[in-house]
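User: Please examine the model shown below. I would like to discuss its strands, turns and pockets.

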Amino acid sequence: GITATVFTQDAYGRPSLRTVTSLRGTVRPGNSGGPAVDAAGAVETTVFARTAGGGGLGVPSSIVRRTLAGARRPVSTGPCAR
């Protein structure tokens, strides 16, 4: 996929500038949070959305690693898990 920084909406409809990787494979409901791997089996991105065409979007692994390295405590799922 292609990784780019885009202006979009977050899960709550608020404007957001984020870096995403496009996915050309089929993304199905329930794939969110799962890995998208390259031909060598390396995780390239973490799936978070399906596009209208059936592909999807992911958070690049470099961002996931950087964010997890800075984690200090568990966080709430907020209204997503209710």
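User: In the hairpin that β3 and β4 form, which residue in the turn has a positive phi, and of about how many degrees?

Analyst: This is a predicted model, in which local features need pLDDT of at least 70, side-chain atom pairs count only at pLDDT 80 or more, and totals for chains, interfaces and linings use all residues. Residues are numbered from 1 along each chain as its sequence is written, and side-chain values use heavy atoms, with hydrogens and water left out. Strands (E, at least two residues) and helices (H or I, at least four) are DSSP runs numbered from the N terminus, and two strands pair if DSSP finds at least two bridges between them. Between β3 and β4 lie five residues, and the one in the turn with a positive phi is Gly41, at about 90 degrees.

User: Over how many bridges do β3 and β4 pair, and what is the bridge partner of Val37 in β4?

Analyst: The pairing of β3 with β4 is antiparallel and extends over three bridges. Within it, Val37 has as its bridge partner in β4 the residue Val43.

User: Which residues in the turns of the β1–β2 hairpin and the β4–β5 hairpin have a positive phi?

Analyst: β1 and β2, antiparallel over seven bridges, include the bridge between Val6 and Arg18 of β2. Their hairpin has five residues between the strands, with a positive phi of about 85 degrees at Gly13. Strands β4 (residues 43–50) and β5 (residues 56–60) are joined by five bridges and likewise have five residues between them, where the residue with a positive phi, about 100 degrees, is Gly54.

User: In what order do the five strands form the sheet, and which are the edge strands?

Analyst: The sheet is open and its pairing antiparallel, in the order β1-β2-β5-β4-β3. Pairing on one side only marks the edge strands, β1 (3–9) and β3 (35–37).

User: What is the average twist from one strand to the next, and what angle does helix α1 make with β5?

Analyst: Axes are lines fitted to C-alpha atoms, for helices over the stretch in contact, and angles run from 0 to 180 degrees between N-to-C directions. On that basis the twist from one strand to the next averages 55 degrees. Helix α1 (residues 61–69) packs on the sheet, where it touches β2, β4 and β5 (contact means heavy atoms within 4.5 Å). The angle between the directions of α1 and β5 is about 45 degrees.

User: Is Gly56 buried or exposed?

Analyst: Gly56 is found in strand β5. It touches Thr21, Ser22, Leu23, Val27, Ala49, Arg50 and Thr51, not counting residues up to four places away in sequence. Leu23 is 33 residues from Gly56 in sequence, yet their C-alpha atoms are 4.8 Å apart. Because its relative accessible area is 2% (buried means under 20%, exposed over 50%, partly exposed in between, with a 1.4 Å probe and protein chains only), Gly56 is buried.

User: Which strand gives the most to the lining of the largest pocket?

Analyst: A pocket is an open set of points on a 1 Å grid over the protein atoms alone, where a 1.4 Å probe fits, with protein on both sides within 12 Å along at least five of seven lines; lining residues have an atom within 4 Å of a point. The residues that line the largest pocket are Gln9, Asp10, Ala11, Ser16, Arg18, Thr19, Val20, Phe48 and Val59. With four residues, the strand that gives the most is β2 (residues 15–23).

User: What residues line the second largest pocket?

Analyst: By class, its lining has three nonpolar, one polar and no charged residues. The residues are Val64, Thr67, Leu68 and Ala71.

Key: Nonpolar A, V, L, I, M, F, W, Y, C, P; charged D, E, K, R; others polar.
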